[in-house]
Amino acid sequence: MSWLQDHPAVLERMYLATQRLFAWADPMISRIGYQRVDRFFRTPEDWVKALVFDCMMCGQCILHSTGMTCPMTCPKNLRNGPCGGVRANGHCEVKPEMRCVWVQAFERSQKMTVYSDELLWLQPPVNRQLEGTSAWINMLTGEDKQVPTAWQDLPIIPLLEKPS
């Protein structure tokens, strides 16, 4: 699946199509019940995302914001860029045989057309209560956007300004 991950523009188009499908189906899903539908979608979502992205099912998917690279595969679970231990060769300090997730996210985000700038956004901490739930359902209900109280009044803040 490395080939697919290294072609994030394809995944970005698939994400956009899936997002539109879920938005279209939201009224029906709402009537059926989000929790009921979550149980139905969770297994296939887990299977596909694990196969393609080595997904950890955090329930707050930000793949589209991270170059279609799952930040939860970082040994330190960092969601806002690399730690200070990225080696000169772009590998992880914790697992030296592994390329840094954030180096990959940066490289892949440069190949995306719609969401490439979102790599610069500050991401809220993971809500561990959503682990194992469908990120698509959480997106529809807005649970994936719930943030700790201290974060509630913060605007979306880019970590860096985009170079001109």
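This is a short walk through the structure, stop by stop, with something to select each time. Keep in mind that you are looking at a predicted model.

**The whole chain**

Start with everything shown as a cartoon. You'll find five helices and zero strands, so to speak an α-α-α-α-α run from the N terminus on. Along its principal axes, the C-alpha trace spans about 50 × 40 × 30 Å. How does the radius of gyration compare with that of a compact globule? For 164 residues such a globule would come out near 15 Å, and the chain has 16 Å, which agrees.

Now switch on the surface. The chain exposes about 9,900 Å², with carbon and sulfur atoms supplying 58% of that area. Buried residues make up 41% of the 164 in the chain. As for contacts with a separation of 6 or more, 63% of them join residues 24 or more positions apart.

**Helix H2**

Select residues 8-32, which form helix H2. Follow the helix along to Asp-26, and you'll meet a kink of about 55°, shortly before the proline Pro-27. Asp-26 is also one of the buried residues of H2, a list that includes Pro-8, Leu-11, Tyr-15, Phe-22 and Ile-29 as well. What covers them? Bring up helix H1 (2-5), helix H3 (34-53), H4 and H5, which are among the elements doing the covering. Just after H2, click on Gly-33: its phi is positive, at about 115°.

**Two positive phi values in one loop**

Next, go to the loop between H3 and H4 and pick Asp-54. Its phi is near 60°, a positive value in a residue other than glycine. Then pick Met-68, found in the loop between H3 and H4 too. Met-68 is not a glycine either, and it has a positive phi of about 60°.

Which of the two is buried, and which is partly exposed? Asp-54 has 46% relative accessibility, so it counts as partly exposed. Met-68 has 2%, so it counts as buried.

**Helix H4**

Select 101-109 to see helix H4. The buried residues here are Val-101, Trp-102, Gln-104, Ala-105, Arg-108 and Ser-109. Turn the view to look down the axis: these buried residues fall within an arc of 155°, so they line one face of the helix. The pattern goes with a general rule: an α-helix has 3.6 residues a turn, so residues three or four places apart point the same way. Show H1 and H2 as well, since they are among what covers the buried residues of H4.

Stay a moment with Val-101. It is buried, at a relative accessible area of 3%. Leaving aside neighbours within four places in sequence, Val-101 is in contact with Thr-69, Cys-70, Pro-71, Thr-73 and Cys-74. For a distance to try in the viewer, take the C-alpha atoms of Val-101 and Ala-50: 51 residues apart along the chain, they are separated by 15 Å.

**Last stop: Ser-134**

Finally, select Ser-134, in the loop between H4 and helix H5 (135-141). Is Ser-134 buried or exposed? Its relative accessible area is 0%, so it is buried. Setting aside neighbours within four places in sequence, the residues in contact with Ser-134 are Asp-38, Phe-41, Arg-42, Glu-45 and Met-57. Zoom in on its side chain, too: a polar atom there lies 3.3 Å from the backbone nitrogen of Trp-136.

Definitions and conventions. Residues are numbered from 1 along each chain as its sequence is written. This is a predicted model: local features need pLDDT of at least 70, side-chain atom pairs count only at pLDDT 80 or more; totals for chains, interfaces and linings use all residues. Side-chain values use heavy atoms; hydrogens and water are left out. Helices (H or I, at least four residues) and strands (E, at least two) are DSSP runs, numbered from the N terminus. Buried means under 20% relative accessible area, exposed over 50%, partly exposed in between (1.4 Å probe, protein chains only). A polar contact is a pair of N or O atoms within 3.5 Å; within protein, one must be able to donate a hydrogen and the other to accept it, and residues adjacent in sequence count only if both atoms are side-chain atoms. Contact means heavy atoms within 4.5 Å. The bend at a residue is the angle between axes fitted to the seven residues ending there and the seven starting there. The arc is that of the directions from the helix axis to the C-beta atoms. The radius of gyration is taken over C-alpha atoms; the globule rule is 2.2 Å times the number of residues to the power 0.38. Accessible areas come from the Shrake-Rupley method with a 1.4 Å probe; for residues, only the protein chains shown count as cover.
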